[in-house]
Amino acid sequence: MATITRERSHEIFTRACQLMPGGVNSPARAFGAVGGEPIIMQSASGPYITDVDGNQYVDYIGSWGPMILGHSNLAVVEAVQKATEKGTSFGAPTAAENRLAELVIEAVPSIEKVRLVNSGTEATMSAIRVARGYTGRDLVIKFAGNYHGHVDSLLVSAGSAAATLAVPNSPGVTEGTSKDTIVLPYNDVDKLTAAFAEYAGKIACVILEPVVGNMGCVIPHKQFLTALRDLTTEHGSVLIFDEVMTGFRVAYGGAQSLYGVTPDMTTLGKIVGGGLPLGAYGGRAEIMDQVLPAGKVFQAGTLSGNPIATAAGTATLEQLKSDPPYDRLEKTCSRLAEGLSAAAKAAGLEHCVQRVGSMMTLFFHPGPVNSWDDAAKCDTTMFGKFFWGMMDRGIYLPCSQYEALFVSAQHGDDEITKTIASAHEVLAQIVA
Ligand code: KE4
């Protein structure tokens with residue numbers, strides 16, 4: 001195996017640490033969970049990403065989800081170029097926003113009206129405010145190991161980077177903000193039922209990842225989704241599916257169309273923006289008509305519905321709609337899941353692989369992983385060794401046991417074969 005050198009990356013990262021906290025603009029990419037330095041990337045195409053030292057990797061992060069079509073998708077690049085030539089931001093309504101809104105409303109069962117914003121965090125923060133405004137209630141239920149962006153009231157036992165940093169409540173989140181948030185175990189119907197009994201009439205909304213990506217890939221039990229829908233309906237609370245990661249990922253209509261459970265509101269991000277800064281939240285018209293200026297719930301944004309971001313999102317959704325990659329992804333990803341499991345089995349390692357469509361996780365835990373309590377027992381040291389062994393063989397996995405990996409429509413047989421072969425080599429070496 002040729003030795004990979006990363007001098008240029010080290011140089012740039014050293015400088016970055018003098019300029020930006022931890023040298024990064026988001027902790028998830030800081031490699032905190034796997035040790036070592038993050039690698040400075042410079043370009044990406046199809047299933048590949050290339051670092052500043054010229055090393056190429058099969059990319060399973062895909063910008064943490066948006067790149068389902070693969071990097072530098074021609075139609076997306078051309079749409080962005082064309083839009084840019086007309087100007088980059090107007091701060092005025094455009095027909096392009098109508099087009100993206102139509103695609104979202106047509107695709108997502110729960111959405112009758114939608115508001116475009118600039119990130120998944122903005123989408124979830126806004127959806128909670130609207131749910132509180134619509135119900136006149138304060139309390140929010142979320143689930144341990146679920147991450148919904150850096151919303152103050154939800155940074156309580158968040159998953160993703162916060163979970164990795166083992167910081168249940170981020171400094172700076174006040175008691176006042178977190179006192180209205182109830183944190184329950186995912187997939188626990190009894191605890192959910194008990195919470196509704198205890199706080200009857202006070203719960204504004206329940207927000208969850210309908211397939212969790214932020215404690216690794218954790219799959220909802222059917223009875224959990226049914227209980228969520230029944231209890232929120234019975235108690236007049238708003239059910240919010242945070243589909244920032246699962247939207248257009250696990251199915252074109254998201255997890256709600258895959259499982260046939262329709263929430264009252266949905267938040268979107270990542271794929272809906274085609275890799276540019278764009279999020280969205282939507283739901284039943286009677287709820288969304290509470291949003292200013294139709295209603296009184298305030299929410300605003302200078303760059304909301306930005307013409308370049310909407311161009312990238314529209315080009316992405318139009319491709320997913322006209323040539324859905326989901327059957328192909330199902331075949332590619334089941335082969336990858338089986339291959340990773342076979343490699344861990346051959347090395348005699350306790351493990352399980354959990355997958356929904358083209359998002360999956362190899363857990364170093366005997367499984368099943370149904371909640372944060374299970375996920376917290378994973379062998380994260382083993383994951384760190386696995387991560388770097390794969391990295392040095394040109395396979396770029398998510399840099400935490402508590403992140404899902406993503407496969408794009410551009411990942412072909414060669415990439416999957418190389419990944420599985422590398423996993424066999426790396427895990428055999430670790431246990432030798
Ligand atoms: P953004 O604000 O990062 O666009 O979206 C927040 C968010 C909301 N909901 C879910 C289910 C999410 O997964 C996310 C963001 N996901 C992380 C990765 N697990 C983004 C990576 C990062 O923070 O750098």
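This is a short walk through one predicted model, from the ligand site out to the cavities, a pocket and some backbone details.

Let's start with the ligand. There are 17 residues around it, and Ser-26, Thr-121, Asn-214, Asp-242 and Glu-403 come nearest. Now the polar contacts. The side chain of Asp-242 puts an N or O atom 2.7 Å from a ligand nitrogen. Glu-403 also uses its side chain, with an N or O atom 2.8 Å from a nitrogen of the ligand. Tyr-147 works through its backbone: an N or O atom there sits 3.5 Å from a ligand nitrogen.

Thr-121 takes us to helix α4. It runs over residues 120–135, 16 residues in total. Does the length add up, and what should we expect? At 1.5 Å a residue the helix should span 22 Å, and its end C-alpha atoms are 23 Å apart, so the two agree.

What caps the N-terminal end of α4? Ser-119 does, with a side-chain oxygen 3.4 Å from the backbone nitrogen of Thr-121. So Thr-121 appears twice in this story, once among the residues that come nearest the ligand and once at the α4 cap.Many residues in α4 are buried, including Gly-120, Thr-121, Glu-122, Ala-123 and Thr-124. Further along the helix, Ile-128, Val-130, Ala-131 and Thr-135 are also among the buried ones. Just after α4 comes Gly-136, with a positive phi of about 70°.

Next, enclosed space. Rolling a probe the size of a water molecule over the atoms shows where empty space is left. How many cavities of 30 Å³ or more does the structure hold? It holds 2.

The largest cavity has about 100 Å³ of space. It is lined by 13 residues, and Thr-361, Leu-362, Phe-383, Leu-397 and Leu-405 are the closest to its centre. Two or more lining residues come from each of β12, residues 359–363, and α14, residues 380–391. Which element gives the most? That is β12, with 3 residues. By class, the lining has 9 nonpolar, 3 polar and 1 charged residues.

The second largest cavity has about 60 Å³. Its lining includes Gly-46, Pro-47, Asp-59, Met-67, His-71, Arg-249, Phe-406 and His-411. The class split there is 4 nonpolar, 6 polar and 2 charged.

Now open space: the second largest pocket. About 640 Å³ lies in it. It is lined by 30 residues. Nearest its centre are Glu-97, Val-114, Arg-115, Leu-116 and Pro-293. The elements giving two or more residues to that lining are α3, residues 95–107, and β4, residues 113–117. By class the lining divides into 16 nonpolar, 10 polar and 4 charged.

Keep Pro-293 in mind for the backbone section. Most residues other than glycine have a negative phi, and most peptide bonds are trans. Here are some exceptions.

First, the peptide bonds. Leu-292 to Pro-293 is cis, with omega near 5°. Pro-293 sits in the loop between α10, residues 285–288, and α11, residues 307–322. Gly-367 to Pro-368 is also cis, with omega near -5°. Where is Pro-368 found? In the loop between β12 and α13, the latter being residues 372–375.

Then phi. Asn-187 has a positive phi, near 70°, and is not a glycine. It lies in the loop between β6, residues 181–184, and α7, residues 189–198. Is Asn-187 buried or exposed? With a relative accessible area of 10%, Asn-187 counts as buried, because the cut-off is under 20%.

Lys-270 also has a positive phi, of about 50°. Its place is the loop between β9, residues 265–268, and β10, residues 279–283. Lys-270 has a relative accessible area of 25%, so it is classed as partly exposed.

Last stop: Gln-354, in strand β11, residues 352–356. Gln-354 has a relative accessible area of 9%, which means it is buried. Which backbone atoms does its side chain reach? One is the backbone oxygen of Cys-217, at 2.8 Å. Another is the backbone nitrogen of Val-369, also at 2.8 Å. Val-369 follows in the numbering on Pro-368, the proline of the cis bond from Gly-367.

To recap the ligand site: Asp-242 at 2.7 Å, Glu-403 at 2.8 Å and the backbone of Tyr-147 at 3.5 Å.

Key: Residues numbered from 1 in each chain as written. Predicted model: local features only at pLDDT ≥ 70, side-chain atom pairs only at ≥ 80, totals over all residues. Heavy atoms only, no water. Helix = DSSP H or I, 4+ residues; strand = E, 2+ residues; numbered from the N terminus. Expected span 1.5 Å × (residues − 1). Buried < 20%, exposed > 50% of the residue type's maximum accessible area, 1.4 Å probe, protein only. Polar contact = N/O pair within 3.5 Å; in protein donor to acceptor, adjacent residues only side chain to side chain. 1 Å grid on protein atoms, 1.4 Å probe; cavity = no way out; pocket = protein on both sides within 12 Å on 5 of 7 lines; lining within 4 Å. Points joined across faces, edges and corners; volume = space filled by probe spheres on them. Nonpolar A, V, L, I, M, F, W, Y, C, P; charged D, E, K, R; others polar. Near = heavy atom within 4 Å.
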